[in-house]
Every structure is written in C-alpha cells, then in structure tokens.
Amino acid sequence: MTIPSPPKPTLIEATETVISVDVQLDASVQIYELKWKDYAAISWDSKQVEFTTSDGKVNVEVTNLNPGTTYCLKLVAEGKEEGPELIVDTETKAVPRSRKPVVPFNRSNPVEETYNIFPGPS
C-alpha cells in the first residue's frame, strides 16, 4: 500500500515561544509526526500527532521555542513519507522602552546640544 504524502501544516499563530498549526490528516495513515527545526539547523525535533477526530483536522502546538527565530515544520507519515515544509518566524521579545528625562538646552553654550535617543526594538 502506498502512503499518501502528508499535507503542509497551516499556520494558526506564532508567538515568541509557540507555533500553532492545523493539519488535515488522512484517516488511512496510522501515525504522523510533526517535525520542526531551527531553519539553519541540520537535525529535526519531532512530536507524534495522535488524532481521533472524525474529519481528521488537528491543531498541534510546538512549544519552548526561541523568540525571533525562523523555524521549518513538516509532517511525516508512517515515519517515511515527508510532506512540504512550512517556514515560520517566532515573534521577537518585546523590549520595554525607557524614557529618559529631557535635559533643557543650555543657551549659554550654543555648541552644546542634548538629544533624546530611545532604543528601538532589538
């Protein structure tokens, strides 16, 4: 029997440390694995997808990811047939802005100037 090629996961949401995807699974396949890796990495991490829905649609979350990182995700059916990759960026950690007090311009020395510089997102 030929194993059908798994579908590409559909992105639901990506936060700083979690990627959530929907997958439409074929009922003729007994075991699926969701594999993911940092885009630049060589090795893949994986999670077995267990499903008991009548329509085969499952929501899967990958957790404990690194903020601001690009990840590749794919489904593997029966440990053999690999599906197309989904490439997703996790969000960058929010860096709170700190406001520094404005120092008044000193008119007695026209060369001296004060600028307020606020850090941008990192």
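The following questions and answers concern the strands, and selected side-chain contacts, of a predicted model.

User: In what order do the 3 strands of the open sheet stand?
Analyst: The pairing within this open sheet is antiparallel. Strand 1 (10-14) and strand 5 stand at the edges, each with a single partner strand, so one side of each lacks a neighbour in the sheet. Neighbouring strands are turned by 20 degrees against each other on average, direction ignored. The order of the strands is 1-2-5.

User: How many bridges join strand 1 to strand 2?
Analyst: These two strands run antiparallel. One of the facing pairs places Ala14 opposite Ile19 in strand 2. The number of bridges joining strand 1 to strand 2 is 4.

User: Which residue of strand 5 is the bridge partner of Asp22?
Analyst: Strand 2 (residues 19-24) pairs with strand 5 in the antiparallel sense, over 6 bridges. Within strand 5, the bridge partner of Asp22 is Asn59.

User: Which residues of strand 5 point to the buried face?
Analyst: In a regular strand, side chains alternate between the two faces of the sheet. Strand 5 (residues 57-62) shows such alternation: Lys57, Asn59 and Glu61 point to one face and are not buried. The residues that point to the other face and are buried are Val58, Val60 and Val62.

User: Is Ser20 buried or exposed?
Analyst: Ser20 is found in strand 2. Leaving aside residues up to four places away in sequence, Ser20 touches Thr10, Leu11, Ile12, Glu13, Asn59, Val60 and Glu61. Its relative accessible area is 5%, and the limit for burial is under 20%. Ser20 is therefore buried.

User: What distance separates the side chains of Ser20 and Asn59 in their polar contact?
Analyst: Asn59 is among the residues that Ser20 touches. Asn59 also serves as the bridge partner of Asp22. The polar contact that joins the side chains of Ser20 and Asn59 has a length of 3.2 Å.

User: Which residue forms a salt bridge with Glu82?
Analyst: Side chains of opposite charge can pair when their charged atoms come close. In this model the count comes to 1 salt bridge. The closest N and O atoms of the Glu82 pair are 2.7 Å apart, and a salt bridge requires a separation within 4 Å. The partner of Glu82 is Lys74.

User: What is the relative accessible area of Lys74?
Analyst: Glu82, with which Lys74 forms a salt bridge, counts as partly exposed at 45% relative accessibility. Lys74, by contrast, is buried, because its relative accessible area is under 20%. For Lys74 the value is 6%.

Technical notes. Residues numbered from 1 in each chain as written. Predicted model: local features only at pLDDT ≥ 70, side-chain atom pairs only at ≥ 80, totals over all residues. Heavy atoms only, no water. Salt bridge = Lys/Arg side-chain N within 4 Å of Asp/Glu carboxyl O. Buried < 20%, exposed > 50% of the residue type's maximum accessible area, 1.4 Å probe, protein only. Pairing = 2+ DSSP bridges. Polar contact = N/O pair within 3.5 Å; in protein donor to acceptor, adjacent residues only side chain to side chain. Contact = heavy atoms within 4.5 Å. Axes fitted to C-alpha atoms, helices over the stretch in contact; angles between N-to-C directions.
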